[in-house]
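Work through the exercises below with the sequence and the 3D structure in view. Try each task before reading its solution.

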Amino acid sequence: MPLVTTKEMFEKSMKEGFAIGAFNINNMEIIQGIVDAAEAQKSPVILQASEGAIKYARMPYLMKMIEAATEETTIPIAIHLDHGANFEVCKKCIDAGFTSVMIDGSKYSFEENIEITKKVVEYAHERGVVVEAELGQLAGIEDDVNVSEADAKYTDPEQAKEFVEKTGCDSLAIAIGTSHGAYKFKGEAKLRVDILKEIKEKIPNTPIVLHGASSVIPELVETCNAYGGEIPGAKGVPDEILKEVSMNGVSKINVDTDLRLALTSEIRKALAENPSAFDPRKYLTPARAKIQEVVEHKIKNVFGSSNKA
């Protein structure tokens, strides 16, 4: 099945009250694990690449692996740029065949964010590509995105309405309390669902996106630490909260940290239990299987997108 945009995916998600997982990709095993999970669950899926991932994997390799995924499956797959820093990065991805891009102007003033987003929207829409924008800032670190807690801001519902009207963006990433990375909460995990509902009332026809939404699965953290890792106190967004926002207007939920933990925990375990192993297939095979397991769980039990392909 050829690559698709997120437009029809999101229309269905808003109508039927479920979210679509947007999973960050870096290499072949991650792509295979995600796509195998989505195929098994008959779910639409968004593969997304950050600038760091594109630099690591290299664009031609990345696009050919995604092309292979579309040839092997029957489910709708979109390829999305995560956190495009400027117009030039977005243009490069659109020209390379991405079906969706994110322009992240959240670090700029409201007026500057509108200006840069509008420029990307005009270029993308002329080529049949959809655009995600961001309003409000998430704390935390992910690739080139680094925002302190002091600089993090919740999205203002009134501004969200004005922003969407002035830019023509297709979906909007909002800040309601999530954060990037493995250390999302110091105390009790809590999201501002009231802000989400108010934003949804203001822009009912605009798909809402939630970044920084990995669960930071405790078992994966424990496995990493048991086999030599050092990630104490990591804490993510509980599944029940993600399930609540999936049913209350969020159409796209981003997952990156959980995939990194799945891959790393299984590699650490495999090498620790088999010190003489040096065949990459011996430790990447269980790592790929763990990614599939994690993604299937999210699709089926958290996002509600099983059998929505």
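## The barrel

In this predicted model, eight strands form a closed barrel in the order 1-2-3-4-5-8-10-11, with parallel pairing. From one strand to the next, the twist averages 25°.

**Exercise 1.** Find how strand 1 and strand 11 are joined, and name the residue that stands opposite I20.

Solution.
- Step 1: Locate strand 1 at residues 20–24 and strand 11 at residues 250–255.
- Step 2: Four bridges join these two strands, which run parallel.
- Step 3: Look across from I20; K252 in strand 11 stands opposite.

**Exercise 2.** State which strands helix 2 and helix 5 touch, and give one angle for each helix.

Solution.
- Step 1: Helix 2 covers residues 28–41 and packs on the sheet, where it touches strand 1, strand 2 (45–50) and strand 3 (77–84).
- Step 2: The direction of helix 2 makes about 165° with that of strand 2.
- Step 3: Helix 5 also packs on the sheet, touching strand 3 and strand 4 (100–103).
- Step 4: Between the directions of helix 5 and strand 4 the angle is about 175°.

## One strand and its neighbours

**Exercise 3.** Describe the pairing of strand 8 with strand 5 and with strand 10, then decide whether the faces of strand 8 are covered or open.

Solution.
- Step 1: Strand 5 (residues 130–135) runs parallel to strand 8, and four bridges join them.
- Step 2: Within this pairing, L135 stands opposite I174 of strand 8.
- Step 3: Strand 10 (residues 208–210) pairs with strand 8 in the parallel sense over three bridges. Here I208 is the bridge partner of L172.
- Step 4: Strand 8 spans residues 171–174, with S171 and A173 on one side and L172 and I174 on the other. These residues are all buried, so both faces are covered.

## Helix against helix

**Exercise 4.** Classify the packing of helix 5 on helix 6 by angle and handedness, and sort the contact residues by kind.

Solution.
- Step 1: The axes of helix 5 (residues 87–96) and helix 6 (residues 110–125) come within 10 Å and cross at roughly 15°.
- Step 2: Angles under 35 degrees count as roughly parallel, so helix 5 is roughly parallel to helix 6.
- Step 3: The crossing of the two helices is right-handed.
- Step 4: Helix 5 contributes F87, C90, K91, I94 and D95 to the contact, while helix 6 contributes I116, K119, V120, Y123 and A124.
- Step 5: Sorted by kind, the contact residues are seven nonpolar, no polar and three charged.

**Exercise 5.** Do the same for helix 2 and helix 12.

Solution.
- Step 1: Helix 12 covers residues 280–303; its axis is 8 Å from that of helix 2, and the packing angle is about 40°.
- Step 2: This angle makes helix 2 oblique to helix 12.
- Step 3: Helix 2 passes helix 12 in a right-handed crossing.
- Step 4: Among the contact residues are I30, I34 and A37 of helix 2, with L284, I291 and V295 of helix 12.
- Step 5: The contact residues divide into nine nonpolar, four polar and five charged.

## A single residue

**Exercise 6.** Place R260 in its helix, and find its exposure and its separation from A19.

Solution.
- Step 1: R260 lies in helix 11, residues 257–273.
- Step 2: The relative accessible area of R260 is 39%, which means that R260 is partly exposed.
- Step 3: R260 and A19 are 241 residues apart along the chain, and their C-alpha atoms are separated by 21 Å.

Conventions. Residues are numbered from 1 along each chain as its sequence is written. This is a predicted model: local features need pLDDT of at least 70, side-chain atom pairs count only at pLDDT 80 or more; totals for chains, interfaces and linings use all residues. Side-chain values use heavy atoms; hydrogens and water are left out. Axes are lines fitted to C-alpha atoms, for helices over the stretch in contact, and angles run from 0 to 180 degrees between N-to-C directions. Angles under 35 degrees count as roughly parallel, over 145 as roughly antiparallel, 65 to 115 as roughly perpendicular and the rest as oblique. A crossing is left-handed if the near helix is turned anticlockwise from the far one by less than a right angle, and right-handed if clockwise. Contact means heavy atoms within 4.5 Å. Ala, Val, Leu, Ile, Met, Phe, Trp, Tyr, Cys and Pro count as nonpolar, Asp, Glu, Lys and Arg as charged, and the others, Gly among them, as polar. Buried means under 20% relative accessible area, exposed over 50%, partly exposed in between (1.4 Å probe, protein chains only). Two strands pair if DSSP finds at least two bridges between them.
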